[in-house]
Structures are given as structure tokens and as C-alpha cells.
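Visitor: I am new to this structure and would like to learn how to read it. May we go through its features one at a time?

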Amino acid sequence: MHDRYHRRLKDLPLAEQGFAIRLVVRRFICGAADCPRRTFAEPFSRLAAPHARFTTRLNRTFREWGSRWPGGPAPGRPAGRPGGLRRGKDDLVAQGHGIA
């Protein structure tokens with residue numbers, strides 16, 4: 001083991017409360033002389049994609065919700081934010097969404 005760092009992943013709500021998973025990720029040194037990567041982090045492929053901030057199941061929920069929302073992602077295209085919406089009050093107003 002070479003080092004470790006903390007990673008935080010947002011997940012589906014639990015009992016109507018926001019939920020985050022805090023991981024301690026270990027970094028390892030590769031001992032092979034011909035290895036192109038000197039260090040690497042342990043993968044959590046079933047939990048989240050590399051560099052992701054949300055868990056796999058939360059992303060799946062976003063995609064399902066977004067595909068049902070008007071203006072959602074086209075079939076076969078990856079979903080960005082739910083419903084294809086951009087962040088920010090001005091962006092939402094420009095798209096015709098009322099902001100109270």
C-alpha cells in the first residue's frame with residue numbers, strides 16, 4: 001500500500017434524509033517493472049464509476065427519472081442531469097420553467 005484518500009459518494013435518500021457514503025480508498029504501488037502505471041487506486045466498480053460523485057444506483061435513478069421528464073435524454077444517449085435540465089435559475093427560466 002502506498003497511500004490512502006477519502007472519497008464521498010452521494011446515494012439514494014434513506015428515510016427521507018440525504019445519504020452519502022464515505023470511503024477510505026487505498027492506493028497501491030505496482031511492483032512490475034514494465035507496468036505503465038506506477039500507482040493505482042482500488043476500484044469500487046459495483047458501487048460507482050471511477051471519479052464519480054454519485055453511486056451507480058443513484059445515477060440509474062436519475063436516468064430513469066430523466067427519461068420520463070419532458071425534454072429528457074433521447075433514447076440511446078447518456079443522461080446528464082435529470083430531465084436534461086441545466087443548473088442555475090437563469091438557465092431554468094430560459095427553458096420556460098417558472099421559478100418561485
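Guide: Let us begin with contacts along the chain, bearing in mind that the model is predicted. Among contacts between residues at least 6 apart in sequence, 30% join residues at least 24 apart.

Visitor: Which elements does the protein have, and in what order do the elements run from the N terminus on?

Guide: The protein has 2 helices and 3 strands. Read from the N terminus on, the order is β-β-β-α-α.

Visitor: How should the sheet be read, and in what order do the strands form the sheet?

Guide: Strands count as paired if at least two bridges are found between them. Here the 3 strands form an open sheet in the order E1-E2-E3, with antiparallel pairing. Strand E1 (3–14) and strand E3 (39–41) are the edge strands, as each pairs on one side only. From one strand to the next, the twist averages 25°.

Visitor: How many bridges join strand E2 to E3?

Guide: Strand E2, residues 17–29, is joined to E3 by 3 bridges, and the two run antiparallel. To locate this pairing in the structure, look for Phe28, whose bridge partner in E3 is Phe40.

Visitor: What percentage of the residues of the protein count as buried?

Guide: A residue is called buried when its relative accessible area is under 20%. Of the 100 residues of the protein, 14% count as buried.

Visitor: Finally, what area does the protein expose, and which atoms supply 52% of it?

Guide: The protein exposes about 8300 Å². Carbon and sulfur atoms supply 52% of that area.

Terms used:
Residues are numbered from 1 along each chain as its sequence is written. This is a predicted model: local features need pLDDT of at least 70, side-chain atom pairs count only at pLDDT 80 or more; totals for chains, interfaces and linings use all residues. Side-chain values use heavy atoms; hydrogens and water are left out. Helices (H or I, at least four residues) and strands (E, at least two) are DSSP runs, numbered from the N terminus. Axes are lines fitted to C-alpha atoms, for helices over the stretch in contact, and angles run from 0 to 180 degrees between N-to-C directions. Buried means under 20% relative accessible area, exposed over 50%, partly exposed in between (1.4 Å probe, protein chains only). Contact means heavy atoms within 4.5 Å. Accessible areas come from the Shrake-Rupley method with a 1.4 Å probe; for residues, only the protein chains shown count as cover.
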